[in-house]
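Work through the following exercises with the sequence and the model open side by side. Each task is followed by a solution that goes step by step.

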Amino acid sequence: MIRLLRDRLRRFAAVGIAVTAVDIAVLIGLRLSTGMPVILADAIAVGVASTLAYVLHSVVTFADDPHRRWTEHTTAFVVIAIVAGLVDIVVLRLAVAVLGSTSGPPLFVAKCISVAVASIVRVRGYRVLLRSDVRAAQVRREDREPAPGSCRLSVVVPAYQEEGRIASVIDEIRDALAAVAADGALEIVVVDDGSSDATADTARKGGADQVIVQPENRGKGAAVRAGVLAAHGRTIAFTDADLSYPPEQLLGLLAGVEGGWDMVVGSRKHIETTTLLRARRLRELSGRLFNALSQLVLLGQYKDTQCGLKAFRSDVGRFVFSRSRVDRFAFDVELLHLAERYRLSVAEVPVTVANRTTSTVRIANDSVRMVTDLIRIRRWSGMGVYDPDPYESPHLEGAHTT
């Protein structure tokens, strides 16, 4: 698999280099051999290079790729190529005017500048194109058969050093979701993320349906992953052990999933969100900065990627978490990236927030880890690590990969 991904990256780079070389060679060749005006020669060069890029990426770069790519959007590809080509011509003309010559070396330098600027325009155009595709898929809710599962709702609670309150957390969740327990059954899954105290034993005595013990502290993402993959509910949700989000809000997420959404995620930035107790200013600032940086990975415009209240159809949850790799706090961004990649529908809903005075988040250390994980997600995505096996299809009705 890794060999296949590396081979695809090499092909992509080779096509890019070849097309750029052709673009530059056609321009300089036409200009120097025929004396053709620079603008006309560049227009021809850009046209040849764009056509060659489309053909080579279709038949070489993505020849064995079963997933949807921007090369399938022929009309959009042509429009973006025309816009980027016009930018190329304008920048080339300006660069030639500054350099004061259309002879070989100055023309080569000017063309390199124009190619670089046009490439930025082209990449930006493809990103906008893919973003529109993603958003169109995410807002499309579908009526489907209920997801598989032996109970109506599973609630996963990742816990670390929570001996003192995990029993009361379980009680609060059961009280808030009593109606669900009476109509389809409720499962509470506590995942002890390598605690050194009696979190696991207390959770068992407190009435958790499943208690999963991680042998060492790996992070919230790893704990939630373990809980989701072990859960039996037709809808699977997770919430924080400090109950910063009052558990009755899980009813709204459950209704959203049962109403046809693949994923329902809480948003602290939603216009209807209520904040009962604000987080510390430094934590708020770091959260906003991280949310902005997440756009390096995500195509969608999410108001809040880090809300600790999310729910999934069981088949969606298992499919996504079985492919996730991030163990710590950036796992939320990875989930949204995978939702985009597999064309899953996503609904953002308002929440009531009561930030606690205690938290396992360490601003300095965890901020560095989160940014590092963003870079890793971006790299893995570019390498195709998240792609299913070429001969494997997602076992999700209506889901597509990109």
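**Exercise 1: Cysteines**

The structure holds zero disulfides, a disulfide being a pair of cysteine sulfur atoms within 2.5 Å. This is a predicted model, in which local features need pLDDT of at least 70 and side-chain atom pairs count only at pLDDT 80 or more, whereas totals for chains, interfaces and linings use all residues. Residues are numbered from 1 along each chain as its sequence is written, and side-chain values use heavy atoms, with hydrogens and water left out.

Task: decide whether cysteine 112 and cysteine 151 are buried, partly exposed or exposed.

Solution. Begin with the cut-offs: buried means under 20% relative accessible area, exposed means over 50%, and partly exposed lies in between (1.4 Å probe, protein chains only). Cysteine 112 has a relative accessible area of 32%, so it is partly exposed. Cysteine 151, at 6% relative accessibility, counts as buried.

**Exercise 2: The sheet**

Task: establish the strand order of the open sheet, and find which strands stand at its edges.

Solution. Take the elements first: helices (H or I, at least four residues) and strands (E, at least two) are DSSP runs numbered from the N terminus, and they come to 13 helices and nine strands in this protein. Two strands pair if DSSP finds at least two bridges between them. Seven strands form the open sheet, in the order E3-E2-E1-E4-E7-E5-E8, with mixed pairing. Strand E3 (210–213) and strand E8 (346–350) are at the edges, and because each has a single partner strand, one side of each is left without a neighbour in the sheet. From one strand to the next the twist averages 20°, with axes taken as lines fitted to C-alpha atoms (for helices over the stretch in contact) and angles running from 0 to 180 degrees between N-to-C directions.

Task: follow the pairing from E1 through E4 to E7, and then to E5.

Solution. E1 and E4 run parallel and are joined by five bridges; here leucine 153 has threonine 235 in E4 as its bridge partner. E4 and E7 run antiparallel, with four bridges between them, and isoleucine 236 has phenylalanine 312 in E7 as its bridge partner. E5 and strand E7 (residues 310–313) are likewise antiparallel, joined by three bridges, and methionine 263 stands opposite phenylalanine 312 in E7. As for burial, five of the six residues of E4 are buried, so E4 is largely enclosed by the rest of the structure.

**Exercise 3: Helices and cores**

Task: determine how the buried residues of helix H5 (residues 166–176) are arranged about its axis, and what they pack against.

Solution. The buried residues of H5 are Ile166, Val169, Ile170 and Ile173. Seen down the axis of H5, these residues fall within an arc of 100° (the arc of the directions from the helix axis to the C-beta atoms), so they line one face of the helix. They pack against strand E1 (151–159), E2 and helix H7 (199–205), where contact means heavy atoms within 4.5 Å.

Task: describe how H8 and H11 lie with respect to the strands.

Solution. H8 lies across E1, E2, E3 and E4, and runs at about 155° to E1. H11 packs on the sheet and touches E4, E5 and E7, its direction making about 105° with that of E7.

Task: identify the residues with the most contacts inside the largest nonpolar core, and the helix that gives the most to this core.

Solution. A nonpolar core is a set of buried Ala, Val, Leu, Ile, Met, Phe, Trp, Tyr and Cys residues joined through side-chain atoms within 4.5 Å. The largest has 35 residues, and those with the most contacts inside it are Val156, Phe238, Met263, Phe321, Phe331 and Leu335. H12 gives the most to this core, with six residues. Leaving aside neighbours within four places in sequence, phenylalanine 321 is in contact with residues including Val224, Val228, Phe238, Phe312, Phe331 and Leu335. A second, separate core of 33 residues includes Val155, Cys307, Leu309 and Val353.

**Exercise 4: Positive phi**

Task: locate glutamine 161 and leucine 243, and state their burial.

Solution. Most residues other than glycine have a negative phi. Glutamine 161, however, has a positive phi of about 55°; this residue lies in the loop between E1 and H5 and, at 35% relative accessibility, counts as partly exposed. Leucine 243 has a positive phi of about 50°; its place is in the loop between E4 and helix H9 (250–258), and at 3% relative accessibility leucine 243 counts as buried.
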